[in-house]
Amino acid sequence: MVGQGLGVDDVPRFRYHPDPVATGEVITSDDPCRCCGRQRGFIYTGPVYSEDEVVEELCLWCIADGSAATLFEAEFTDVGDVPDDVPRPILTEVLTRTPGFSGWQQERWLFHCADATAYLGKVGYEDLQAVPEALEMIRQENAHFPWTDEEHENYLRTLTPIGEATGYLFQCLHCGTHLAYADHA
Ligand SMILES: [Zn+2]
Ligand SMILES: [Zn+2]
């Protein structure tokens, strides 16, 4: 890792968050990283759970190698419920070496096939129609609400990537199944 020239090939790859620029959690920026002090061209804008307030100050390299998590005793997501069959090192990778994402409510990571899934980004009803199993998952999660079928569908229709009700799409790295959950402001 020498030199200031930043080729795309140099950018760290995250197994569980394959394109953090596309998901909007990382932006191009000349701001220096608070961890390594270098201007790396990319700054993470997602959540940092730490005693210190660390807002839009970390580069991708310091997230990828764990140095940002170590320095600030930080985690970048809150995984929520984790299935028992997910090995601890995977959880650690998601918590401390993977860019998180911002939701309306407390974020959750989704798991499948005894592994964390890859976060693909915020989605709306139209995107979800292309991945029916993910849409069905949100439907099931809302099943306990005393809504009519029509009310359920109307809620799903309000989901947009940028509106006040949003879906979060994931994909299993093993079987390819899409998973999603939704929350709102
Ligand atoms: Zn850095
Ligand atoms: Zn799977």
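This report walks through a predicted model of a protein with two zinc ions, from its overall build down to a few single residues.

**The overall build**

Let's start with the protein as a whole. Its secondary structure comes to six helices and seven strands. If you follow the chain from start to end, the pattern reads β-β-α-α-α-β-β-β-α-α-α-β-β. The radius of gyration is 17 Å, close to the 16 Å that the globule rule gives for 185 residues, so the protein is as compact as a globular protein of that length. The C-alpha trace spans about 60 × 35 × 35 Å along its principal axes.

What about the inside? Of the 185 residues, 43% are buried. Contacts also reach across the sequence: among those with a separation of 6 or more, 60% are between residues 24 or more positions apart.

**The two zinc sites**

Here are the two zinc ions side by side.

| Zinc ion | Donors | Distances | Angles | Spacing in sequence |
|---|---|---|---|---|
| ligand 1 | Cys-33 (SG), Cys-36 (SG), Cys-59 (SG), Cys-62 (SG) | 2.3 to 2.4 Å | 106 to 114° | C-x2-C-x22-C-x2-C |
| ligand 2 | His-112 (ND1), Cys-113 (SG), Cys-172 (SG), Cys-175 (SG) | 2.0 to 2.3 Å | 101 to 114° | H-C-x58-C-x2-C |

Take the zinc ion (ligand 1) to begin with. Its four donor atoms subtend angles of 106 to 114°, and that makes the arrangement tetrahedral. Cys-33 sits in the loop between strand E1 (26-28) and strand E2 (42-44), while Cys-59 is in the loop between E2 and helix H1 (60-64), so this pair ties together parts that are 26 residues apart in sequence. Cys-33 counts as buried at 2% relative accessibility, and Cys-59 is buried too, with a relative accessible area of 1%.

Now for the zinc ion (ligand 2). What arrangement do its four donor atoms make? With angles of 101 to 114°, it is tetrahedral. Cys-113 belongs to the loop between strand E3 (111-112) and strand E4 (115-116), and Cys-172 to the loop between E6 and E7, so the two tie together parts that are 59 residues apart in sequence.

Are Cys-113 and Cys-172 buried or partly exposed? Cys-113 has a relative accessible area of 41%, so it falls in the partly exposed range, between 20% and 50%. Cys-172, at 5%, is under the 20% limit and is therefore buried.

**A three-stranded sheet**

The loop that holds Cys-172 joins E6 and E7, and those strands are part of an open sheet. The sheet has three strands in the order E5-E6-E7, with antiparallel pairing. Strand E5 (118-123) and strand E7 (178-184) are at the edges with a single partner strand each, so one side of each has no neighbour in the sheet. From one strand to the next, the twist averages 25°.

Strand E6 (residues 165-171) pairs with E7 over seven bridges. To pick out one spot, Thr-166 has Asp-183 in E7 as its bridge partner. Helix H5 (residues 132-141) lies across E6 and E7, and it runs at about 45° to E7.

**A look at His-152**

One more residue to find in the picture is His-152, which is in helix H6 (residues 149-158). His-152 is buried, with a relative accessible area of 11%. What does it touch, leaving aside its neighbours within four places in sequence? His-152 is in contact with Asn-142, Ala-143, Phe-145 and Trp-147.

Notes
Residues are numbered from 1 along each chain as its sequence is written. Chains are lettered from A and ligands numbered from 1 in the order in which they are written. This is a predicted model: local features need pLDDT of at least 70, side-chain atom pairs count only at pLDDT 80 or more; totals for chains, interfaces and linings use all residues. Side-chain values use heavy atoms; hydrogens and water are left out. Two strands pair if DSSP finds at least two bridges between them. Helices (H or I, at least four residues) and strands (E, at least two) are DSSP runs, numbered from the N terminus. Axes are lines fitted to C-alpha atoms, for helices over the stretch in contact, and angles run from 0 to 180 degrees between N-to-C directions. Contact means heavy atoms within 4.5 Å. Donors are N, O and S atoms within 2.8 Å of the metal (3.2 Å for Na, K and Ca); water is not among the atoms, so sites may look incomplete. Four donors count as tetrahedral if all angles lie between 85 and 135 degrees; four count as square planar and six as octahedral if opposite donors are over 155 degrees apart and all others between 65 and 115; anything else is irregular. Buried means under 20% relative accessible area, exposed over 50%, partly exposed in between (1.4 Å probe, protein chains only). The radius of gyration is taken over C-alpha atoms; the globule rule is 2.2 Å times the number of residues to the power 0.38.
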